[in-house]
Amino acid sequence: MTNNPPKPKKIPHVLEQHGDVRTDNYYWLRDDTRSDSHVLDYLKAENAYAESWFNSKHPYSTEITNELIDQIPNEESSYGQINYGFKYYQKIKKSEQLPRYFRKTEGKNEEMLIDANIKLMRQEYYSIQSISPSPNNKYLAYSEDNNGRREFTIKVLNAETMTLLDDTVESTSGKPIWSKNNEYLIYSKKDAVTLISDSVYAHKVGSCSSEDILLYKETNLEFNIFLSLSKSKDFIYINIDSTNSNEIRLIDIKTPLLEPKLFIKRSDDHLYYLEHLNSDSFYVLSNHDAPNFKVLFSNSELDRAINKMDEVVPSSETIFINNLYYLDGHLVLGIRENGLPEISILNLHTKIYSKVIFKDNAYDVSLAFNNEPDSKVFNYSYSSLTCPETIYSYDLKTNKSNILWQKEIVGFKSNNYIDQRLFIKSRDNTKVPVVIFSNKKTDLKNAPILFYGYGSYGINVDATFRSSLLPLVDRGFIFAIVNIRGGGEMGKHWYEQGRVLNKMNTFNDFNDAVNEVIQKNIGDSSKVFARGGSAGGLLMGSIINLEPELYKGILSGVPFVDVLTTMSDPSIPLTTFEYGEWGNPAIKKEYNYIRQYSPYDNIDKHNYPSVFVTSSLYDSQVQYFEPAKYVPKLREYNQSTNTIIMKMNLIGGHGGLSGRLNQFTEIAEEYSFILNLADEDT
């Protein structure tokens, strides 16, 4: 192994706000062109140093990669989606990086539309974000990413002649939606600097993108645009969204060039979502005076005042409503109760509720693949740590679920594994859910343990099936998910208590849960590891600043570690959109609060654990220079002899490299890092 890590030069750069002066010696590592030879040489040196560390250790990475490949069937097919008589689906062979896209209709052989592997063979990075067949199934629009930056290019295939049209639309958010007459694609476009989706266009098939028609432009940089198609397939929803406020504008897919109609004007602290029935009838999921949301009914285009709508499902202090679907006189609700996802069904005639029953201690379930308006059943996706992803249909007449599809994991036997769910008290007596997963043969008291957390944006981290965990737990590791505040697992208040001026709860919850789990004789206290990515990488940076000697090793992926500098610079992509999540440093109170936890700014002389940081040069969500600066500063202050290494993909984005086999290699390398550390004392 190369003994000495890279030492990038120091060039002091002074940052001053509200009378507070910070000196950043590694600020020069920011190169928005990603072409500076000094920066690239440093990143390559870090990669070489990391590679030499792995080469000096047991080759778990190769072993685990092979085991992950062995789990794959020779060929697997996704669950198909119906589009006006055609079923669209994907297939991927054991040896392939990316899927092939197919379609089939009754009485005809399947047709292969796109093989994404062909383009990946010609370039370092390639992925297809989505495919969108036209209503008449003549055309297939698809959005592709050529470097991982998530600036998607839309292309159009004539599926009848298998010829690619000249249409090319750049810098979009992907996932275009067709007009009813098959002539127009409606899409959202990203700002070139901020990467925020701020405009909606109509593209006429066969025309040049310079002729595209602007339908809506958002000027407030704290809002981002998301497009979706109503389940009735009558409207395109333009959801103009910020952290705690949104508004929806409607595009009628029969007349897509008309000005989009505003449903309810945005207002502070009001979020709402729609389910269209027919004509002007909508169910509205709203948090107006209802933090955990309520369901309202609106049937007047002329008067959509929120306080004049009929209440169908009242708000609850214990049940959070996050989705709704109308079906044959019933409202099917996606809810969360006691930290777990549930499906609740309201019979609108009898006013009686029922639930779909699940047996696992912890799991992930959501309404899915319900894109046929006239269906008499609804579908949902289910998995747990001991059950691979399964698609079910649910019959409202029989109240029974039927399996439609299940992901195949070769050699997997669920009865070899066990999970349990605990509630741990944090320092302010808040009960924090923790899910434990292990092989039944593992001696829990003496096993190394890997904790995972996220805790931001109200995102739920549920106990979904993770095939990549099997090689780790089969080697005696325990895996633990900690549902810290800042996520949305326990409802709206759970998110509110972990954002902006409450963010410290996120980090304290995690460390408190780790300490308490170890005290319960679950996991060896000398072999405690943690993993998090993106905002979860911020979590990793903060928890080791607060309690560095609690952990033996940290896996920090695409980590958001330079929070204060990034949130102070509106030119950095996505910054303004995220003021509601982290705060705006232009406000002194919010600056001071971020200052106390921003990982990069709080590195100090500690005995830090071993840390493996991973990132990508073209990451659009967390810019590469944050982890690139973080690693040398962490080494500089570290008082221990523990290893600190970084691997930077020189192509690729927030999700790393493209291709399933490449991603297997990346996760295997992460697990190799902690497995080798766990071996040190044995």
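**An open mixed sheet and its helices**

The count of disulfides in this predicted model comes to 0, where a disulfide is taken as a pair of cysteine sulfur atoms within 2.5 Å. In general terms, such a link is a covalent bond between the sulfur atoms of two cysteines. Two cysteines can be described by their surroundings. Cysteine 387 is buried, with a relative accessible area of 16%, whereas cysteine 208 is partly exposed, at 42%.

A good place to begin exploring the fold is a sheet of 8 strands. This sheet is open, its pairing is mixed, and its strands follow the order β32-β33-β35-β34-β36-β37-β38-β39. At the edges lie β32 (residues 417-425) and β39 (residues 644-649), each of which pairs on one side only. From one strand to the next, the twist averages 15 degrees. As a general point, strands of a sheet pair through backbone hydrogen bonds, either parallel or antiparallel.

Several of the pairings can be followed residue by residue. Strands β34 and β36 are parallel and share 4 bridges; here isoleucine 449 stands opposite valine 528 of β36. Strand β36 also pairs with β37 in the parallel sense, over 5 bridges, and phenylalanine 529 faces glycine 553 in β37. Between these two strands the chain passes from β36 through helix α7 to β37, making a β-α-β crossover that is right-handed. Further along, β38 (residues 610-616) runs parallel to β39 and is joined to it by 6 bridges. Within this pair, threonine 614 has lysine 647 of β39 as its bridge partner.

Helices pack on this sheet as well. Helix α7 (residues 535-546) touches β36, β37 (residues 553-557) and β38, and its direction makes about 145 degrees with that of β36. Helix α6 (residues 504-519) lies across β32, β33, β34, β35 and β36. Relative to β34 (residues 449-452), helix α6 runs at about 155 degrees.

Helix α1, formed by residues 37-55, brings an earlier part of the chain into the picture. Its 19 residues reach 26 Å from the first C-alpha to the last, close to the 27 Å expected at 1.5 Å a residue. Among the buried residues of α1 are Leu40, Tyr42, Leu43, Tyr49, Trp53 and Phe54, and the list also includes Glu46 and Asn47. The buried residues of α1 pack against strands β38 and β39 and against helices α11 (residues 625-637) and α12 (residues 660-679). Strand β39, one of these partners, is also an edge strand of the sheet.

Technical notes. Residues numbered from 1 in each chain as written. Predicted model: local features only at pLDDT ≥ 70, side-chain atom pairs only at ≥ 80, totals over all residues. Heavy atoms only, no water. Buried < 20%, exposed > 50% of the residue type's maximum accessible area, 1.4 Å probe, protein only. Pairing = 2+ DSSP bridges. Axes fitted to C-alpha atoms, helices over the stretch in contact; angles between N-to-C directions. Contact = heavy atoms within 4.5 Å. Right-handed = clockwise from strand over helix to strand, strands pointing away. Expected span 1.5 Å × (residues − 1).
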